[in-house]
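Biologist: I would like to go through the cysteines, one strand and the cavities of this model. Please set each value against its definition.

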Amino acid sequence: MKTTLRLAERARELDAADPLGGMRQRFLGHDDAEVPAYLDGNSLGRPLAATLERLNDFVRSQWGGRLIRGWDEGWLALPRQIGDQLGEHVLGAAPGQCVVADSTTVLLYKLARAAVAAVSGGGTRNEIVLDRDNFPTDRFVMEGIAEECGLTLRWVEADYDGGVRPEAVAAAVGPQTALVVLSHVAYRSGYTADVPLITEVVHRAGGRVLWDLCHSAGSVPAELDAWQVDYAAGCSYKYLNGGPGAPAWAYVASRHQEDFEQPIRGWLGAGDPFGMGRDYVPAAGIQRMVSGTPPILGMLAMQDMVALIAEAGMDAVRQKSVQLTSFTVEAFDDLLAPLGAVLASPRDPSRRGSHITFDHPASREVTAGLWERGVIPDYRNPDGIRLGLSPLSTSFAETHTGIEAIAAGLGATARP
């Protein structure tokens, strides 16, 4: 009892000192008594109140009022416009290199397929390097491309509670490497990869790198230009709060845009889409990454979250993220480790993103019971509970409430 009271007091102190604490009030449901702890922001972020107003206004005034004229009055420019905003405030990318389009899966395919075509070197570079613990979509897409193009997959092993390290990549790449596909933050452990060093390792071997930023964009700062990243992609419904199924974004470094061969050719990726030409001639720059009609409704919410991140500043967002995960590790040691839980995330805050995973045999059972009571963490096979701590919408008190409920659930499973 003394331990949980001390942690509760510590959470209150951290909330009182949090310079970003007031931003939590801008999210819908932040005071919902039926959901006392929402710790799944890295799967689906809360909506902003401003988004409700934006969507309502869009349906009434733009879609309902301007009708098809809206395409000429700004809708067609939104994918690149929001892409540039993401680049400036979240991704560390100069204008003209980011665009919003499609799902993460489709964008990973487009980027990887184009990269392989550009680097293959007459067939001498015939390997895609990736890690076995990467997110299923990344692995499945690369397996498909390898089958389609007659390439070989070279697998890198990663620590269960960590991720891919530069030395492991250095041992895997060589003269046959066409592309390396890795995640900035590992979806299960939260391990944060050394992007600039790994990218340098791959470039020295003559390959290119495609980084998946699904579990980092909006919570962990990125400097895609400064890191010399070749390609990147990420979803927008996690820390970017774009809503269920919101479209993903892609980054293509300006130096690679001219040799980017679009594998899914659509009319809006053409240089003159309304010319309805007979032959496909790709658009200049990042526009050639686009295939079909952009999902306007699905990208509206992103604008509000990117604006909020810009207001807060990514450095401050990262600082809050580190404090949240550090408090979570502290609470884990006090409340969960004694119940047999095992930390499956890095203890070093500089090497972890904004989520924490721990393993316990009763995780699936406990998570199901917690959801019924409005305490919402995430279950991840084989026996992990993942706590996604979205810096701008999650409080320390909410985090403590959730961990205390998890401890009670684990404790109940141990009773005879």
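Biologist: Why is Cys 98 not in a disulfide with Cys 214?
Modeller: A disulfide needs a pair of cysteine sulfur atoms within 2.5 Å. The sulfur of Cys 98 is 14 Å from the closest cysteine sulfur, in Cys 214, so it is too far for a bond. By this rule the model has zero disulfides.

Biologist: What are these values based on?
Modeller: This is a predicted model, where local features need pLDDT of at least 70 and side-chain atom pairs count only at pLDDT 80 or more, while totals for chains, interfaces and linings use all residues. Residues are numbered from 1 along each chain as its sequence is written, and side-chain values use heavy atoms, with hydrogens and water left out.

Biologist: Why is Cys 98 called buried?
Modeller: Buried means under 20% relative accessible area, exposed over 50%, and partly exposed in between (1.4 Å probe, protein chains only). Cys 98 has 1%, so it is buried. Cys 149 has 27%, so it is partly exposed.

Biologist: How do you know that strand β2 pairs with β8?
Modeller: Strands are DSSP runs of E, at least two residues, numbered from the N terminus. Two of them pair if DSSP finds at least two bridges between them. Strand β2 (residues 98-100) and β8 have three, in the antiparallel sense. Cys 98 has Tyr 251 of β8 as its bridge partner.

Biologist: What makes β7 a partner of β8?
Modeller: Four bridges join β7 (residues 231-234) to β8, and the two run antiparallel. Tyr 231 is bridged to Val 252 in β8.

Biologist: How do you know that both faces of β8 are covered?
Modeller: In a regular strand the side chains alternate between the two faces of the sheet. In β8 (residues 249-252), Trp 249 and Tyr 251 lie on one side, Ala 250 and Val 252 on the other, and all are buried.

Biologist: What makes a space a cavity?
Modeller: On a 1 Å grid over the protein atoms alone, a cavity is a set of points where a 1.4 Å probe fits but cannot get out; lining residues have an atom within 4 Å of a point. Two cavities of 30 Å³ or more are counted. The largest holds about 110 Å³. Among its 15 lining residues, Asp 131, Gly 163, Val 164, Ser 183 and Ala 186 are the closest to its centre.

Biologist: What is the volume of the second largest cavity?
Modeller: About 30 Å³. A volume is the space filled by probe spheres set on the points, which are joined across faces, edges and corners. Its lining includes Tyr 38, Asp 40 and Arg 46.

How values were computed
On a 1 Å grid over the protein atoms alone, a cavity is a set of points where a 1.4 Å probe fits but cannot get out, and a pocket is an open set with protein on both sides within 12 Å along at least five of seven lines; lining residues have an atom within 4 Å of a point.
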